[in-house]
Amino acid sequence: MLFPRRTAYVLIALLAAGVAEGLSLTALLPLLSTAVGDTANSEVGRRIVGGLRSVGIEPSIGVMLLIIVGGMIVKSLILLLANRQVGYTVARVATALRLELIDALLASRWQYYLRQPMGSLANSVATEALRAANGFEHSVTVLALAIQVMVYGIVAMFVSWQATLASFLVGFVMLRLLHKLIRATRRAGTKQTQLLRLLLTYLSDVLGSVKSLKAMARDNVADAILRDQTRQLEKATRREIMAREALMALQEPLLATIIAIGLYLALVLLDLSLAEVMVMVFLLTRLLSLLNKTQRKYQNLAAQESAYWALRTAIEEARGAAERTTGTREPTFQTGISLRNIDFDYGAKPILAGLNLDISVKSFTTIAGPSGVGKSTMLDLLCGLAEPKSGEILIDGIPLREINPRGWRRMIGYVSQENILLHDTILSNIIVGAPDLVEADAERALRQAGAWDFVSALPEGLNTIVGERGGLLSGGQRQRIAIARALAHQPVFLLLDEPTSALDPESERLVCQTLQKLAQDLTVVAVSHQPALINAADNTYTLLNGKVERLQRSSEVENASDIRSVSRKEASSASR
Ligand SMILES: Nc1ncnc2c1ncn2[C@@H]1O[C@H](COP(=O)(O)OP(=O)(O)OP(=O)(O)O)[C@@H](O)[C@H]1O
């Protein structure tokens, strides 16, 4: 149950509102009896009149009317408060579900996170959370209406228990008969949840790669698939609307039939007084229309419910894939990092096999090797985003799995291969996620990354918006901002994945110089094919067949193909 205390307050308030309304209604019978002058015929009426007199109230028509109106006003006030509370709780529910999902995902293992389509996440946070919160509202309303039905039922019992029971029975039959429509709505709701997820997942993928598709005039392929999914969604929505409207349409004639039966029972078979019959008609009409309303709200709940369960499943799955943070030791980085006999695979595909590597602090290392050989995976292992299948990663001689992973990562500066920036200012992109960083840190980092010249020349400087995924900047500019982001918090271990692949020779030379200078105080590991970067490094390794080989440089490497041919020659001579 979500927010049990808030929900309990709401339900108590709704119950109080129901009781206030019920009490005001008890005055209806004596009022009508007095009005039509047949008090003597009504047992209940007599009792209520007696009760009022015993507390010193003369039950005149004016007093009765006052009781009815007063009760209704009290009920409305309580309902206003309760409904306001429901509204607030709905907003809270949506926020809580969104945060729960985002927190669970961010705390999940990197490999699990990688498999999550971003469109599906966006859908969960936007539409599913909202639909689930609306579902919560409908469920509270269903409960509130059920309480009102009960109160009306009790009051009606005082007037004629036979007629009340009979109408409850018929009401129950009516609910059963229409239940099929609720089931259809639930099915349509589940379908919509599935389709919306698919649609948004696909949409975000297509939009992510729209440039190349558009450039080749192949965006109509995406169009056709999207149109097909939208059409299916429309069909499911139509089914839901049909079931909702059918329920509305069928309720009216059924209600009229039941009231006619009630009237017949009251007037012909039970021989009730006119006042009693009038009250009964009023109460039963109200009771049965309340029952109908309850069923309609329940139908709305059935349509939204699947969003809540889809969201819950996503949260539970992400929680199940939470990163195991068994390590508690605070990290130090005084001597260096060693990889000992590392094996790693993605399922059936072995990537690293018996890899050994020592990196001492305050050094600059580059790792080269053919595409897809596992260089980025090595960086993932170094920052603890992936765990080796066997072997040990030692930091100052202490196994990484014994070290607090967040503590270790706080010491790392990381530049990934895809420099996707946030749609925000350059400043925000650099200090993101580190609340203690200020503008001066960003400026220092931008200077180090060789980006200050172009940033300070922009009319808005640090406050320039970089556009969706950084799209308003050039590839090289994005790359330098990403390097600045990694340097802003002054890490001691800097990991860079192809950091200069999009830079012109001059910018690359600046970044190489920066990295050389930085390596006097911190440890730099860069994955790269760029000769300039490789020449700038103290040590270069090539990764091949799951192991690294040190590249002995007799002369400066002139281009990337040299590195690969050297590494292949070395690898083949090693295997011989
Ligand atoms: N999350 C993953 N699940 C399954 N396989 C993966 C995953 N990530 C990478 N791989 C596979 O593992 C291999 C190594 O990938 P990795 O990204 O480490 O290579 P790389 O040497 O950095 O390549 P490149 O130079 O092209 O960036 C690749 O063949 C890739 O297909």
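**What covers the buried residues of helix α14?** The cover includes α13 (426–431), α15 (452–457), α16 (475–488) and α17 (505–518), as judged by contacts (two residues whose C-beta atoms, placed from the backbone, lie within 7 Å). Helices (H or I, at least four residues) and strands (E, at least two) are DSSP runs numbered from the N terminus. This is a predicted model, in which local features need pLDDT of at least 70 and side-chain atom pairs count only at pLDDT 80 or more, while totals for chains, interfaces and linings use all residues. Residues are numbered from 1 along each chain as its sequence is written. Helix α14 itself spans residues 439–448, and Ala-442, Ala-445, Leu-446 and Gln-448 are buried in it (20 or more other C-beta atoms within 10 Å of a residue's own, with 12 or fewer for exposed and partly exposed in between; C-beta atoms placed from the backbone). Looking down the axis of α14, you will find the buried residues within an arc of 155°, so they line one face of the helix; the arc is that of the directions from the helix axis to the C-beta atoms. Just past the end of α14 comes Gly-450, with a positive phi of about 70°.

**Twelve positions to look for: the shell around the ligand runs from Gln-111 to Gln-417**. Start with Gln-111 and Leu-114, then move on to Tyr-346 and Ile-351. Next come Ser-371, Gly-372, Val-373, Gly-374, Lys-375, Ser-376 and Thr-377, and Gln-417 completes the set. A residue belongs here if its C-beta atom, placed from the backbone, lies within 6 Å of the ligand. Two elements each give two or more residues to this shell, namely α5 (110–114) and α11 (375–382). The biggest giver is α11, with three residues. By type, the shell divides into four nonpolar, seven polar and one charged (Ala, Val, Leu, Ile, Met, Phe, Trp, Tyr, Cys and Pro are nonpolar; Asp, Glu, Lys and Arg charged; the others, Gly among them, polar).

**An open sheet has four strands in the order β2-β1-β4-β5**. Its strands pair in the antiparallel sense, where pairing takes at least two DSSP bridges between two strands. At the edges stand β2 (349–360) and β5 (398–399); each has a single partner strand, so one side of each is left without a neighbour in the sheet. To follow one pairing closely, look at β1 (residues 336–346), which is joined to β2 by eight bridges. Among the residues involved, Ile-337 has Ile-359 of β2 as its bridge partner.

**Strands β9 and β10 form a hairpin with two residues between them**. Residues 539–544 make up β9 and residues 547–550 make up β10; the two are antiparallel, over four bridges. Two pairs to pick out are Leu-543 with its bridge partner Val-548 and Thr-542 opposite Glu-549. In the turn sits Asn-545, which has a positive phi of about 50° although it is not a glycine. With 18 C-beta neighbours inside 10 Å, Asn-545 counts as partly exposed. Strand β9, in contrast, is mostly covered, as five of its six residues are buried.

**Strand β3 runs parallel to β9**. Four bridges join β3 (residues 364–368) to β9, and one of the links is between Thr-366 and its bridge partner Thr-540. In the loop between β2 and β3 you will meet Lys-362. Although Lys-362 is not a glycine, it has a positive phi of about 55°. Lys-362 counts as partly exposed because 15 C-beta neighbours lie inside 10 Å.

**Two annotated spans, residues 61–82 and 165–182, are 100% helix in the model**. An unreviewed UniProt entry gives the annotation "transmembrane region" to residues 61–82, 140–159, 165–182 and 246–266 (positions in the numbering used here, feature names shortened; annotations may be inferred rather than shown by experiment). For residues 61–82, the end C-alpha atoms are 31 Å apart and the strand content is 0%. Residues 165–182 likewise contain 0% strand, and their end C-alpha atoms lie 25 Å apart.

**Stepping back, the protein has 19 helices and ten strands**. Of its 576 residues, 39% count as buried. Among contacts with a separation of 6 or more, residues 24 or more positions apart account for 79%.
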